[in-house]
Amino acid sequence: MTGAPLAPYPALRLRRLRQADWTRRMVRETSLSPADLIWSMVVHEGEGVVPVASMPGVARLSVTEAAKAAVEARALGIPAIAVFPYIDGEKKDRHGSKAADPEGLISRAVKAMKDAAPEVGIMCDVALDPFTDHGHDGVIEGGRIHNDATIERLIEQGLVQAQAGCDILAPSDMMDGRVGALRTALEAAGLQDTMIMSYAAKYASAFYGPYRDAIGSGKLGGGDVNNPGDKKTYQMDPANTDEALREVALDIAEGADMVMVKPGMPYLDIVRRVVETFAMPTFAFQVSGEYAMIMAAAQNGWIDEERAILESLGAFKRAGCAGVITYFAPRAARMLGA
Ligand code: PBG
């Protein structure tokens, strides 16, 4: 018996370059380093750390713990932290009034982190959902999310964040025109160095589920006629790809410095199109549901946890991302030998 013929050229053996670790490293096309990671972090008003049940390994951090985490990020070579607030229920209302509180949790967390580790960039979500009792990202009028009324609130919120020392505003609300409005307001306030990373192509996704638990989000569609059941009138339809390019083009024209695709792994085709079309620094958000899926499978012994974490993050680099916003950031940085 002879072996199967190697058609058409017997000498073509792609396995030759895979034969040893050194050959694989030598021809590797992309790499992952701590500099590619933005640490997604949740803060709360209380003391200490409070584990998030649906996200094993993730906890809400007090302001003091967040400052320590910023120091840790610096030591690990993680360039930036994206901070999200868990707001106590009694502080929420229909209009998200506390979103622009200069003494609020986000302002205090940003200041504490910048004091502790000024070399670490801080990014803040510009969106009302942690502050609204209905969990939507905008102001509801007549059963609809009112675009322009929401933008007014987002400008107040973004300015407060920037004044607290936030380096990167990340509008995640998906209102039309918010990037331009924020950019104009920043310029007028003398905050021209504040960067904007827009959640440009953000989809109405089931993968945000655990985040709602993590930040104690109000219940969408709570039965009230004034609480639409989902975010499909502002976040994108998961079936669309050309529309993502229009969203990104607009945000760039309005003054975004960086753009983001969200969720991450199920949307790497969108990342690739955005990178190839615009050649802008493009990030993706490995969201809470992606984190929870990996951890749940690993805890059942169904996948190798560490390999799955690094493989998933490496996939973002291969797709063309400048970096990844991820809850795995500190663990991955440690695995990468920082
Ligand atoms: C809110 C916001 C969401 C996330 C980041 N910012 C949820 C949503 O839009 O419903 C999701 C983050 C995650 O799932 O990890 N505007």
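This passage describes the overall build of a predicted model of a single chain, and then its central strands, one buried loop residue and some unusual backbone angles.

The chain contains eleven helices and twelve strands. Its radius of gyration is 21 Å, close to the 20 Å that the globule rule gives for 338 residues, so the chain is as compact as a globular protein of that length. Taken along the principal axes, the box filled by the C-alpha atoms is roughly 75 × 45 × 40 Å. Of the 338 residues in the chain, 52% are buried. When contacts between residues at least 6 apart in sequence are considered, 77% of them join residues at least 24 apart. The area exposed by the chain is about 15,300 Å², and carbon and sulfur atoms supply 54% of this area. The chain carries 35 positive and 44 negative charges, and the mean positions of these two sets are 9 Å apart.

Strand β1, which spans residues 37-44, is largely enclosed by the rest of the structure, because eight of its eight residues are buried. The cover extends to both faces of β1: Leu37, Trp39, Met41 and Val43 lie on one side, Ile38, Ser40, Val42 and His44 lie on the other, and all of these residues are buried. Three pairings of β1 can be described in turn, beginning with strand β4 (residues 80-86), to which β1 is joined in the parallel sense over seven bridges. Within this pairing, Trp39 has Ile81 of β4 as its bridge partner. Strand β12 (residues 323-326) also pairs with β1 in the parallel sense, here over three bridges, and the partner of Ile38 in β12 is Ile325. The pairing of β1 with strand β3 (residues 59-61) is likewise parallel and rests on two bridges, with Arg60 of β3 as the bridge partner of Val42. Trp39 and Ile38, the residues named in the pairings with β4 and β12, are thus found on opposite sides of β1.

A similar description applies to strand β10. In this strand, which covers residues 258-262, five of the five residues are buried, so β10 is largely enclosed by the rest of the structure. Met258, Met260 and Lys262 point one way from β10, whereas Val259 and Val261 point the other way, and the residues of both groups are buried. Strand β9 (residues 195-202) runs parallel to β10 and is joined to it by five bridges, and Met258 in β10 is the bridge partner of Met197. β10 also pairs with strand β11 (residues 282-286), in the parallel sense and over three bridges, where Met260 has Phe283 of β11 as its bridge partner. Met258 and Met260, which take part in the bridges to Met197 and Phe283 respectively, point one way from β10.

The end of β10 leads to a feature of the backbone. Lys262, one of the buried residues of β10, is joined to Pro263 by a cis peptide bond with omega of about -5 degrees. Pro263 itself is placed in the loop between β10 and α8 (268-278). Most peptide bonds are trans, and most residues other than glycine have a negative phi. Against this background, two residues other than glycine with positive phi may be noted. The phi of Met174 is near 70 degrees, and this residue is found in the loop between β8 (168-171) and α5 (178-188). Met174 counts as buried because its relative accessibility is 5%, a value under the 20% limit for burial. Ala279 has a phi near 50 degrees and lies in the loop between α8 and β11. In contrast to Met174, which is buried, Ala279 is exposed, with a relative accessible area of 67%.

Met174 also appears in the surroundings of Gln235, a residue of the loop between α6 (209-214) and α7 (242-254). Gln235 is buried, with a relative accessible area of 5%. Leaving aside residues up to four places away in sequence, Gln235 touches Met174, Lys202, Tyr203, Ala204, Ser205 and Tyr208. Among these contacts, Lys202 belongs to strand β9, which covers residues 195-202, and Met174 is the buried residue with positive phi described above.

Technical notes: Residues numbered from 1 in each chain as written. Predicted model: local features only at pLDDT ≥ 70, side-chain atom pairs only at ≥ 80, totals over all residues. Heavy atoms only, no water. Helix = DSSP H or I, 4+ residues; strand = E, 2+ residues; numbered from the N terminus. Rg over C-alpha atoms; globule rule 2.2 N^0.38 Å. Buried < 20%, exposed > 50% of the residue type's maximum accessible area, 1.4 Å probe, protein only. Contact = heavy atoms within 4.5 Å. Areas by Shrake-Rupley, 256 points an atom, 1.4 Å probe, with all protein chains shown as cover. Lys, Arg positive; Asp, Glu negative; His and termini not counted. Charge placed at Lys NZ, Arg CZ, Asp CG, Glu CD. Pairing = 2+ DSSP bridges.
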